[in-house]
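Student: Please take a close look at the side-chain contacts here, and explain by which cut-offs each one is judged. I would like one connected account, with the helices and the surface brought in where they belong.

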Amino acid sequence: MISLNLTVPLAVDFNDAADYFIFIANLLIATSAVLVAGSVVLGILCKKSLRAQNRFIFMLNTSICDTLSGVGGYYIGLFDVQEGFPSRNGTYFIVPMLLSVNILTIMSAQVDRFLAVVYPYTYSRYITTTVVIEVCFFSWFYTYLFLTVQHLVTIEVVAEIRAYSVLAFQVVIVAKVLLNVKLYLIAKYQIAREPPGPERDSKKESLRLIIVVVVCFLALWTPRFYYVIVVEMTGSRYMFKNNASDPLGLMIRFTSTCTPGLYIWGSPALREAVLKTVWGRVCPPPRIRYELY
């Protein structure tokens, strides 16, 4: 008779102080991602004026990814899980690939802001909300179609796909950096020459926000990026006990909190929606009763 053990052990044994630190850090990162990113999702969905703007559609898409990454972080960060080759108690890369959706979406948002500022008339004519939603849908479709193909082929083919993926990721990183420099120059010179007004302020806010988001995103991703390059060049690898004890993976998962947090910080309209529409209903301010004496 075959018995199946469906119990996945915790990521740490709690034998020393480091185990407690790793467990609590993963718990806090997962919880903060769910709360912050989830608040952005609800804030945008509940505010019709935000849903009508293309840049908030991109924010909504990345925040959905970040919320799901936070939920998945409770499993990956708290239990003995090792994604990769060989895999142990893994999610078949379903949770890690959410970050790939984020990369494609943020890069699309960079291109969107570039077209909106440099070619405003062409942008308003062709880049509609429907087009932006289709771009966001494509980021999901492409990512998980790519993942499905990896599960249907042999390990040798997966190794080749992974090698090409590393090369493609390097191209994406370079493209994101160049786009960020271009957006910075646009924000510094072109918008400064426009007459003051709400439209100028909106363009300046959106450009500043996407620049800061990309800088923070790259800062958290860069260590893992160079780590992968060293691994591929040397053929050696330092295996962490599991995903919970991998500090580079922990930094990447922190993007799920950092990115939506920057959205709230950089957009007054979104901040108001989150504080009033979401948290205002969850934690309403106390009512003051006035009594006449």
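**Side-chain contacts and their setting**

Tutor: Counting a salt bridge wherever a side-chain nitrogen of Lys or Arg lies within 4 Å of a carboxyl oxygen of Asp or Glu, one arrives at five salt bridges. This is a predicted model, in which local features need pLDDT of at least 70 and side-chain atom pairs count only at pLDDT 80 or more, while totals for chains, interfaces and linings use all residues. Residues are numbered from 1 along each chain as its sequence is written, and side-chain values use heavy atoms, with hydrogens and water left out.

One of the salt bridges joins Asp13 to Lys241, with 3.6 Å between the closest N and O atoms. This pair ties together distant parts of the chain, since Asp13 belongs to the segment before α1 (17-45) and Lys241, 228 residues apart from it, to the loop between α8 (198-234) and α9 (247-266); helices here are DSSP runs of H or I with at least four residues, numbered from the N terminus. Lys241 has a relative accessible area of 48% and is therefore partly exposed, given that buried means under 20%, exposed over 50% and partly exposed in between, for a 1.4 Å probe and protein chains only.

Arg88 and Asp80 make another salt bridge, their closest N and O atoms being 2.9 Å apart. Its two partners differ in setting, because Arg88, at 32%, is partly exposed, whereas Asp80, at 14%, is buried. A further salt bridge, between Glu272 and Lys276, has an N to O distance of 3.3 Å, and both residues sit in helix α10 (residues 268-282), four residues or about one turn of the helix apart. Here Glu272 is partly exposed at 38%, while Lys276 is exposed at 58%.

The aromatic side chains can be read in a similar way. The structure holds nine aromatic pairs, where rings of Phe, Tyr and Trp (its six-membered ring) pair if their centres lie within 6.5 Å, and planes under 30 degrees apart count as stacked, over 60 as edge-to-face and the rest as tilted. Among them, Phe114 and Tyr119 are edge-to-face, with 6.3 Å from centre to centre and 75° between the planes; Phe114 is buried at 18%, and Tyr119 partly exposed at 45%. Trp140 and Tyr144, by contrast, are stacked, because their planes meet at 15° with the centres 6.2 Å apart. These two residues are four apart in helix α6, and so separated by about one helical turn. Elsewhere, ring pairs link Phe14, Tyr20 and Phe23 into a cluster.

Helix α6 (residues 129-152) also leads to the surface, as it gives the most to a nonpolar patch, with seven residues. The patch is formed by Phe137, Phe138, Phe141, Tyr142, Leu145, Val149, Leu152, Val153 and Val157, which together have about 880 Å² of accessible area. Patches are made of residues with over 30% relative accessible area and no salt bridge, nonpolar side chains (Val, Leu, Ile, Met, Phe, Trp, Tyr) being joined within 5 Å and like charges within 9 Å; the areas come from the Shrake-Rupley method with a 1.4 Å probe, and for residues only the protein chains shown count as cover. Val149, which is found in helix α6, is partly exposed at 38%.
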